[in-house]
Amino acid sequence: MVEERKVSMNEKRIKLAATEDVQEFVKAAGKCDFEIDAMYQRAVVDAKSLLGVLSLGLSKELTIKYWGENPAFENVVKKYATM
């Protein structure tokens, strides 16, 4: 019997001001085994895509949604959190 884990959706707001910030964020997201979306207004991209996240623009408040837990990723999210 396979045991099911309940995973809740997390939503946070972050601001990535420099290309290096985006690189750090995408690298941390890439190490996660769950989906992570980054959004600005109506645009939604895969947060594991460097070009996708860069296409949303620097210094804008992005909303990220993810369906899992990873302590290292949470630390990076906290670093760039806006609220």
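Which residues form one aromatic cluster? They are F25, F34, Y66 and F73. Keep in mind that this is a predicted model, then take a tour from the core out to the loops.

**The nonpolar core**

- Let's start inside: the largest nonpolar core is made of 22 residues. I14, L16, F25, I36, V53, I64 and F73 are the ones with the most contacts inside it.
- Four elements each chip in at least two residues of this core: α1 (19–30), β2 (36–40), β4 (61–66) and α3 (71–80).
- The biggest giver is α1, which supplies 5 residues.
- F25 shows up both in the aromatic cluster and among the core residues with the most contacts. If you skip its neighbours within four places in sequence, F25 touches I14, L16, A47, I64, F73, V76 and V77.

**Aromatic rings**

- The model has 4 aromatic pairs. One of them brings together F34 and F73, with ring centres 6.5 Å apart and planes at 75°, so this pair is edge-to-face. The cut-off behind that label is an angle over 60 degrees.
- These two rings come from distant parts of the chain, 39 residues apart: F34 sits in the loop between α1 and β2, while F73 belongs to helix α3.
- Is F34 buried or exposed? F34 has 9% relative accessibility, so it counts as buried; the limit for that word is under 20%.
- F73 is at 0% relative accessibility, so it counts as buried too.

**How the strands pair up**

- Strand β1 (residues 10–15) runs antiparallel to β4, and 6 bridges join the two. Look for E11 here, which stands opposite K65 in β4.
- β4 also pairs with β2, again in the antiparallel sense, over 4 bridges. In this pairing, K65 of β4 is the bridge partner of D37.
- So K65 is worth finding on your screen, because it faces E11 and also D37.
- β2 has another antiparallel partner in β3 (43–46), and 4 bridges hold this pairing together. Here D37 stands opposite D46 in β3.

**Two loop residues with positive phi**

- Some background first: most residues other than glycine have a negative phi. Which residues go the other way here? Q41 has a phi near 55°, and S59 has one of about 60°; neither is a glycine.
- Q41 lies in the loop between β2 and β3. These strands make a hairpin with 2 residues between them, and the positive phi of Q41 occurs in that hairpin.
- With 71% relative accessibility, Q41 counts as exposed, because the limit is over 50%.
- S59 is found in the loop between α2 (50–55) and β4. Its relative accessibility is 42%, so S59 counts as partly exposed.
- Leaving out neighbours within four places in sequence, S59 is in contact with K15, L16 and A17. Of these, L16 is also among the core residues with the most contacts.
- To get a feel for distances, try S59 and V77: they are 18 residues apart in sequence, and their C-alpha atoms are 15 Å apart in space.

Methods: Residues are numbered from 1 along each chain as its sequence is written. This is a predicted model: local features need pLDDT of at least 70, side-chain atom pairs count only at pLDDT 80 or more; totals for chains, interfaces and linings use all residues. Side-chain values use heavy atoms; hydrogens and water are left out. A nonpolar core is a set of buried Ala, Val, Leu, Ile, Met, Phe, Trp, Tyr and Cys residues joined through side-chain atoms within 4.5 Å. Buried means under 20% relative accessible area, exposed over 50%, partly exposed in between (1.4 Å probe, protein chains only). Contact means heavy atoms within 4.5 Å. Two strands pair if DSSP finds at least two bridges between them. Rings of Phe, Tyr and Trp (its six-membered ring) pair if their centres lie within 6.5 Å; planes under 30 degrees apart count as stacked, over 60 as edge-to-face and the rest as tilted.
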